[in-house]
Amino acid sequence: MTTKADPQSAEEVIRKGLEEVGADPGRVTRDATFESLDVDSLDLVEIAQIVEDEFGVELGGDDVKDLKTVGDAIDLVVAKSA
Amino acid sequence: MSRAEGAALVTGASGGIGAATARALAADGWPVAVHFRSDPDGADEVVGSITETGGKAIAVRADLDSPEAADELIGRVEGNLGPALVLVNNAGRRADGLSPQIDDGDWCDVIETNLNAAFRLIRRSLGPMIRARFGRVVNVASVVGPRANPGQANYAASKAGLIGMTKTIAVEVARRGVTVNAVAPGLVETGLTADLPAGAFDGAIPARRPGTPTEIAACIAFLASDEASYVTGTVLTVDGGMSA
């Protein structure tokens, strides 16, 4: 059911998640921080769930709490999915 | 009537407050999963009374003390009825005794069922509720907990814990349209209180009688309704004035 994440698919899913929690799609770049996008810890939990549904990758509280930028999240998902 | 697409799960719904709540939620238009542990006949009767009146319901068995049960139970609800957007944590137990006489088993069993199992069900349900931007969690607490009741240290601790958990989770998820509340019944005529002598506490209750399961269920159904969308993190006391 789930597929393996590559940098491109991980970025797509994370962008989709960011949009779902209300982040401005025009401001989403790899270097954008979640803080600058107004994405809070509950938003990250929701995005983690979307990632889990898509790639079967479980992101726990310890994984998510150190994420600063969109790029960090993409790299984490790819690494976890490998 | 329910507008969100999903289902309601009521734990401990083969009798008493849970059964009345399952019927009330079904009357409000929710497909209802009627959870039971040891009374399949009671659960079947509740399901039968709901389907007879045109509602949708299934009976689901689970031993909620098992850590895997929450995931398995919510998964079954999702598979059969849709996402559990209403969760009523009603399943509870008592093992009374004065504190020197409460052994580890009686302490842990009560905390496990009344508090830990409720938390596991909430944790598993919140993701889909948050994604749906709609969710209703109602925890059945008690007037015992915020207030003392000698002989029920374990029960009181579990119910006070439920209330603290209710308030905290309510604040965490409020901005997603998910509400988390508790009802705190006083003395209610159910299987859980059947061993108490009839009329023994009426003097302490301004209404001069115990409550009925349907009176508690009506309050739970309100907290689960669309109309209660701005009520969260609260405890609705339903006790005939006992703690006023």
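In the predicted model, strand 1 (residues 7-10) of chain B runs parallel to strand 4 (residues 84-89) of chain B, the two being joined by 4 bridges. Within this pairing, Ala7(B) stands opposite Ala84(B) of strand 4. Strand 1 of chain B also pairs in the parallel sense with strand 2 (residues 32-36) of chain B, over 3 bridges, and here Leu9(B) has Ala33(B) of strand 2 as its bridge partner. The connection from strand 1 to strand 2 of chain B passes through helix 1 (residues 16-27) of chain B, and this β-α-β crossover is right-handed. The residues of strand 1 of chain B point in two directions, Ala7(B) and Leu9(B) one way and Ala8(B) and Val10(B) the other, and all are buried.

These pairings belong to an open sheet of 7 strands in chain B, with the order 3-2-1-4-5-6-7 and parallel pairing. Strand 3 (57-61) and strand 7 (235-238) of chain B each have a single partner strand and therefore stand at the edges, with one side of each left without a neighbour in the sheet. From one strand to the next, the twist averages 20°. Strand 4 of chain B is joined to strand 5 (residues 135-140) of chain B by 4 bridges, again with a parallel course, and Leu87(B) has Val137(B) of strand 5 as its bridge partner. Helix 4 of chain B lies across strand 4, strand 5 and strand 6 of chain B and runs at about 155° to strand 4. Helix 5 (residues 153-173) of chain B likewise packs on the sheet, where it touches strand 5, strand 6 and strand 7 of chain B, its direction making about 160° with that of strand 6.

The largest nonpolar core comprises 69 residues, of which Ala8(B), Ala22(B), Leu25(B), Val32(B), Val34(B) and Val183(B) touch the most other members. Helix 4 (residues 104-132) of chain B supplies the largest share of this core, with 8 residues. Apart from this core lies another, of 23 residues, which includes Phe34(A), Leu37(A), Phe55(A) and Ile74(A). When neighbours within four places in sequence are left aside, Leu25(B) is in contact with Ala8(B), Val10(B), Trp30(B), Val32(B), Val86(B), Ala221(B) and Ala224(B).

Asp202(B) is located in the loop between strand 6 (178-185) and helix 6 (213-223) of chain B. With 14 other C-beta atoms within 10 Å, Asp202(B) is partly exposed. Beyond its neighbours within four places in sequence, Asp202(B) is in contact with Arg208(B) and Arg209(B). Its C-alpha atom is separated by 36 Å from that of Ala57(B), a residue 145 positions away along the chain.

Taken as a whole, chain B has 6 helices and 7 strands, and from the N terminus on its elements run β-α-β-α-β-α-β-α-β-α-β-α-β. Its C-alpha atoms fill a box of roughly 45 × 35 × 35 Å along the principal axes. The radius of gyration of chain B, 17 Å, agrees with the value near 18 Å that would apply to a compact globule of 244 residues. Of these 244 residues, 47% count as buried. Among the contacts in chain B with a separation of 6 or more, 71% are accounted for by residues 24 or more positions apart.

Terms used:
Residues numbered from 1 in each chain as written. Chains lettered and ligands numbered in written order. Predicted model: local features only at pLDDT ≥ 70, side-chain atom pairs only at ≥ 80, totals over all residues. Core = buried A, V, L, I, M, F, W, Y, C linked by C-beta atoms within 7 Å. Buried ≥ 20, exposed ≤ 12 C-beta atoms within 10 Å, placed from the backbone. Contact = placed C-beta atoms within 7 Å. Pairing = 2+ DSSP bridges. Right-handed = clockwise from strand over helix to strand, strands pointing away. Axes fitted to C-alpha atoms, helices over the stretch in contact; angles between N-to-C directions. Rg over C-alpha atoms; globule rule 2.2 N^0.38 Å.
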